[in-house]
There are 2 protein chains.
Amino acid sequence: MNPDVQADLPSVEAPPNEPGPDDVWPLFIQFVLSLKSWWGSVCDDLDITPMQGHALRALDPDRPIAMSLLAESLACEPSNVTGIVDKLESRGFIARQSVGHDRRVKMLVLTDEGKATRTLLRERMETTPEAVAALPATTRKQLATILRDVLISRGALKP
Amino acid sequence: MNPDVQADLPSVEAPPNEPGPDDVWPLFIQFVLSLKSWWGSVCDDLDITPMQGHALRALDPDRPIAMSLLAESLACEPSNVTGIVDKLESRGFIARQSVGHDRRVKMLVLTDEGKATRTLLRERMETTPEAVAALPATTRKQLATILRDVLISRGALKP
DNA sequence: TATTGTTATACTCTATAACTATA
DNA sequence: TATAGTTATAGAGTATAACAATA
């Protein structure tokens, strides 16, 4: 990844079109772009790729989940998950397990090392953007409500 | 891109770890992931790749901008911008122009066709997420203020 | 027949490094 | 020497299609 970015949020030039006072959607888009570099640098520190990081983050430390569910969480095709899981498995972070009732399904479990790395990742992920953490609790709560409503209303999050 | 996703926001399985009531940052991360598929499908409709779409969006219809500035807007290395611009140029969407005072710099201008496609893109980009558009104007304004403050506070947006 | 995961393939995205042409 | 953009390269991310094993 780009090593020049700040550890918490990358410095991105403002786009040519300054957003208007109520132009909230373009702000979201730009926010997403700025997060791309940030996430890359967070994962870089743990020597994993961005998608490996997302997988590690999405896995449940207490409960195995199926490959197909991970594919949905990562919003990509199952064929790609195979490669991502392969690499995490070769690093010793996760393991594939079979379940008795359906031998087609492979469940993914985090190893102890995987859990430790996942904890590091989530710590950095949650503590890094000071600008968000510094928001007043009420504002953060408002923001969470809005984001959750948006995700739920489109079926991207279960109520 | 994945053709199964909805036109406005993809249906993504909730992650194994349900976010808490004030767990705003994980919500942002998930939001980013859900936008990835959405942006891909928006660009698919216009027969451009996601990064070509971002470039088209970042370009100024009224004013040429330098390659280097586009690289910053896209949060990627200048070497990659060459290829992205090449493709947009071969599609007839943009053109490289030289400026007199420094012949190393190449300025990017949108062609009429590029402007038209950019307009289509921005229309879909802005109108698509009904969940955001449906928010009360005051809430949208609050949200815009929060996002802008976060971006500005980290130098990702000029005040 | 349908589904889960894999393999094979082609393309896009990405950073690094070496290069050119300017300054 | 330094900078703007290009080329070359290697690796990561992505969707599609064909496949094996299982249901």
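A residue is taken to be near a strand if one of its heavy atoms lies within 4 Å of it. In this predicted model, 25 residues surround DNA strand C, the closest being Met67(A), Thr82(A), Arg104(A), Thr49(B) and Ser79(B). Of the atoms of DNA strand C within 4 Å of the protein, 70% belong to sugar or phosphate, and the rest belong to bases. By class, the surface near the strand comprises 9 nonpolar, 8 polar and 8 charged residues. At least two residues of this surface come from each of helices H3 (67-74) and H4 (78-90) of chain A and helices H2 (50-58) and H4 (78-90) of chain B, with H4(A) giving the most, 3 residues.

Individual contacts involve both the backbone and the bases of DNA strand C. A backbone N or O atom of Met67(A) lies 3.4 Å from a phosphate oxygen of the strand, and a backbone N or O atom of Ser68(A) lies 2.9 Å from a phosphate oxygen, whereas a polar side-chain atom of Ser79(B) lies 2.7 Å from a base oxygen.

Within the protein, the count comes to 11 salt bridges over all chains. One of them joins the side chains of Arg96(A) and Asp86(A) at 2.9 Å, N to O; because Arg96(A) lies in strand E2 (residues 94-98) and Asp86(A) in helix H4 of chain A, the pair ties together parts that are 10 residues apart in sequence. Arg96(A) also forms a salt bridge with Glu89(A), with the closest N and O atoms 2.5 Å apart, and Asp86(A), Glu89(A) and Arg96(A) are thus linked in a network of salt bridges. In chain B, the side chains of Arg96(B) and Asp86(B) meet in a salt bridge at 3.0 Å, N to O.

Terms used. Residues are numbered from 1 along each chain as its sequence is written. Chains are lettered from A and ligands numbered from 1 in the order in which they are written. This is a predicted model: local features need pLDDT of at least 70, side-chain atom pairs count only at pLDDT 80 or more; totals for chains, interfaces and linings use all residues. Side-chain values use heavy atoms; hydrogens and water are left out. A polar contact is a pair of N or O atoms within 3.5 Å; within protein, one must be able to donate a hydrogen and the other to accept it, and residues adjacent in sequence count only if both atoms are side-chain atoms. Helices (H or I, at least four residues) and strands (E, at least two) are DSSP runs, numbered from the N terminus. Ala, Val, Leu, Ile, Met, Phe, Trp, Tyr, Cys and Pro count as nonpolar, Asp, Glu, Lys and Arg as charged, and the others, Gly among them, as polar. A salt bridge is a side-chain nitrogen of Lys or Arg within 4 Å of a carboxyl oxygen of Asp or Glu.
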